[in-house]
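Biologist: Got a minute to walk me through the ligand site in this one?
Modeller: Sure, let's pull it up.

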Amino acid sequence: MQERYATILEDAGLDPSTPFDGATDGEQWYASGDELEVTTPIDGDTIGTVRQATAEDYERTVQRAQDVFEEWASAPAPERGEVVRDLGEALRDNKAELGRLITLEMGKIVEEGEGEVQEAIDIADFAVGLSRQLYGKTMATERPDHRMYEQWKPLGPIGIITAFNFPCAVWSWNSCIAAVCGDTMIWKPSSATPLTAIAVSKLANEVFTDHGYPGVMNLTIGPGSTVGEKIANDRRLPLVSATGSTEMGYHVGETVASRMGSSILELGGNNGVIVTDSADLDLAERAITFGAVGTAGQRCTSIRRVFAHEDVADDLVERLVSTYEQVDIGDPLDEDTLMGPLIDEDPVDSMMEAITHLEKQGGEVLTGGERLPELGPNYCQPTIAEVEHDVPIVKEETFAPLLYVIRYEDLEEAIEWHNDVPQGLSSAIFTENVKEAERFLGPHGSDCGIANVNIGTSGAEIGGAFGGEKDTGGGREAGSDSWKQYMCRQTVTINYSDEMPLSQGIDFSVE
Ligand code: NAD
């Protein structure tokens with residue numbers, strides 16, 4: 001392993017000289033199964049070996065999460081918030097180190113790696129405030145001298161399954177909120193990014209142990225086909241939050257529903273931006289470049305489709321092509337780099353296949369379209385292709401920096417084409433015209449969970465509920481009232497009269 005990689009691991013609290021196999025006493029996580037080799041997408045170098053969970057390890061993990069739940073759920077929510085506050089502080093203290101680890105393991109540039117840790121810090125702050133705001137409503141009752149209200153109770157141990165592309169942030173959205181809600185949890189990260197999971201879990205475990213609550217945030221590492229399946233099928237986990245591909249979500253969603261569990265599904269996107277003839281093209285160009293090229297097109301919210309009004313399409317395309325051709329591609333640890341590698345060679349292959357498809361269907365590559373073998377098998381050029389709106393490949397999420405430009409004449413048709421895909425995560429319009437903006441936001445406008453005006457589709461703040469409709473799964477995480485999914489709603493009615501009136505005025509007295 002390169003020395004600089006070993007330094008990144010050490011700085012993030014991982015000892016690169018030994019395999020990452022949990023702690024023998026189960027302090028960190030239980031792992032006695034097969035080894036998993038972890039490589040960096042930067043150059044394919046092996047950066048660690050992780051021991052995975054066996055069925056027995058999984059059982060012990062769930063047992064611990066169940067045992068700890070009793071005590072954790074009984075702690076006052078503001079006390080739980082205090083623990084999450086310290087977790088946020090620990091993340092703050094280690095932001096740069098964790099950010100570089102994310103870069104090493106996942107391949108996003110350092111700026112974005114650190115941004116992801118900042119997102120975890122932000123959600124921790126949000127959760128601390130929330131710990132004093134888990135409000136229930138009081139309702140007017142129809143019966144005299146009665147009181148009716150609803151209260152929110154912790155749900156139990158929950159399962160969290162995450163994707164490779166946000167190895168820290170998505171865990172934090174779920175775990176910080178679930179923790180203040182009084183849940184314990186079992187997290188299964190992507191097998192492509194277990195080291196980030198280990199590093200942040202170590203921090204979390206230290207914080208929770210210091211407060212006398214070890215085992216609130218548990219880690220279990222292993223393939224989706226074994227450990228992931230166990231989580232989906234486990235009746236002891238009333239909620240499973242699963243982030244990843246739509247294919248995975250269909251399967252996990254059906255499995256959890258078949259045992260009457262709840263799921264939060266955060267799945268694939270196919271995010272579109274409409275650029276109208278009144279748009280500020282400077283803003284649009286900057287937002288589209290970040291949205292389509294950032295994280296090498298591997299965000300669920302990455303911009304994949306641009307609908308450009310025919311009067312501005314040439315100008316916009318010219319600006320985008322010029323910017324794309326100046327993007328520095330290379331080692332994501334280098335601070336000049338704007339686009340690093342993809343997670344491995346598969347998405348590069350998928351992108352090349354998508355380009356072949358679109359060319360056969362009459363599309364044309366305007367810039368990019370090539371692999372970059374001189375940098376390594378995981379690198380490619382960010383690509384723009386012009387296509388017709390009904391080219392079949394446009395309806396698929398190709399998880400790579402491939403942007404489709406589609407010309408339109410009329411806003412109504414642009415909105416119709418925009419919505420004519422299976423996914424419904426994030427969307428945007430660039431316009432200076434308030435009527436166009438409101439049309440896009442109105443009931444017959446964007447059908448996505450997120451809709452922006454003069455902002456790209458990616459880079460959401462944690463304060464809003466995050467998620468999407470249709471094949472994106474319908475889940476909502478992070479801000480607003482997403483916390484309600486991590487708790488059990490209980491309606492309570494108290495009779496403080498000497499009578500027994502029945503609701504709906506029913507008289508059931510025995511004379
Ligand atoms: P993936 O579906 O391959 O894997 C995601 C997770 O699911 C992994 O932890 C994997 O091990 C697990 N998994 C796979 N099969 C499983 C099974 N049968 N049972 C239980 N778990 C199983 O996705 P990926 O390649 O890691 O991530 C990319 C995808 O994630 C893209 O489609 C992207 O859009 C999506 N994503 C969505 C969001 C969102 O919030 N909507 C956020 C990030 C990523």
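Modeller: One term before we start: a molecule sits in a pocket if more than half of its atoms lie within 2 Å of the pocket's grid points. And keep in mind that this is a predicted model.

Biologist: OK, so where does the ligand sit?
Modeller: By that rule, the ligand is in the largest pocket.

Biologist: How many residues surround it, and which are the closest?
Modeller: There are 26 residues around the ligand, and the closest are T162, K188, S245, L267 and E397.

Biologist: What's the shell like by class?
Modeller: The shell has 11 nonpolar residues, 11 polar ones and 4 charged ones.

Biologist: Which helices each supply at least two shell residues?
Modeller: α8 (224-233) and α9 (246-258) each do that.

Biologist: Switching to polar contacts, what does the side chain of E229 do?
Modeller: An N or O atom in the E229 side chain is 2.8 Å from a nitrogen atom of the ligand.

Biologist: And the backbone, say at L267 and F164?
Modeller: A polar backbone atom of L267 is 2.8 Å from a ligand nitrogen. At F164, a polar backbone atom is 3.1 Å from a ligand oxygen.

Biologist: How much of the ligand does the protein cover?
Modeller: 85% of the 850 Å² of accessible area that the ligand has on its own.

Biologist: Last one: where is the ligand relative to the domains?
Modeller: It lies between domain 1 (3-267 + 473-490) and domain 2 (271-461), because both give residues to the shell around the ligand.

Definitions and conventions. Residues are numbered from 1 along each chain as its sequence is written. This is a predicted model: local features need pLDDT of at least 70, side-chain atom pairs count only at pLDDT 80 or more; totals for chains, interfaces and linings use all residues. Side-chain values use heavy atoms; hydrogens and water are left out. A residue is near a molecule or strand if one of its heavy atoms lies within 4 Å of it. A polar contact is a pair of N or O atoms within 3.5 Å; within protein, one must be able to donate a hydrogen and the other to accept it, and residues adjacent in sequence count only if both atoms are side-chain atoms. Accessible areas come from the Shrake-Rupley method with a 1.4 Å probe; for residues, only the protein chains shown count as cover. On a 1 Å grid over the protein atoms alone, a cavity is a set of points where a 1.4 Å probe fits but cannot get out, and a pocket is an open set with protein on both sides within 12 Å along at least five of seven lines; lining residues have an atom within 4 Å of a point. Helices (H or I, at least four residues) and strands (E, at least two) are DSSP runs, numbered from the N terminus. Ala, Val, Leu, Ile, Met, Phe, Trp, Tyr, Cys and Pro count as nonpolar, Asp, Glu, Lys and Arg as charged, and the others, Gly among them, as polar. Domain bounds come from an automatic or database domain assignment.
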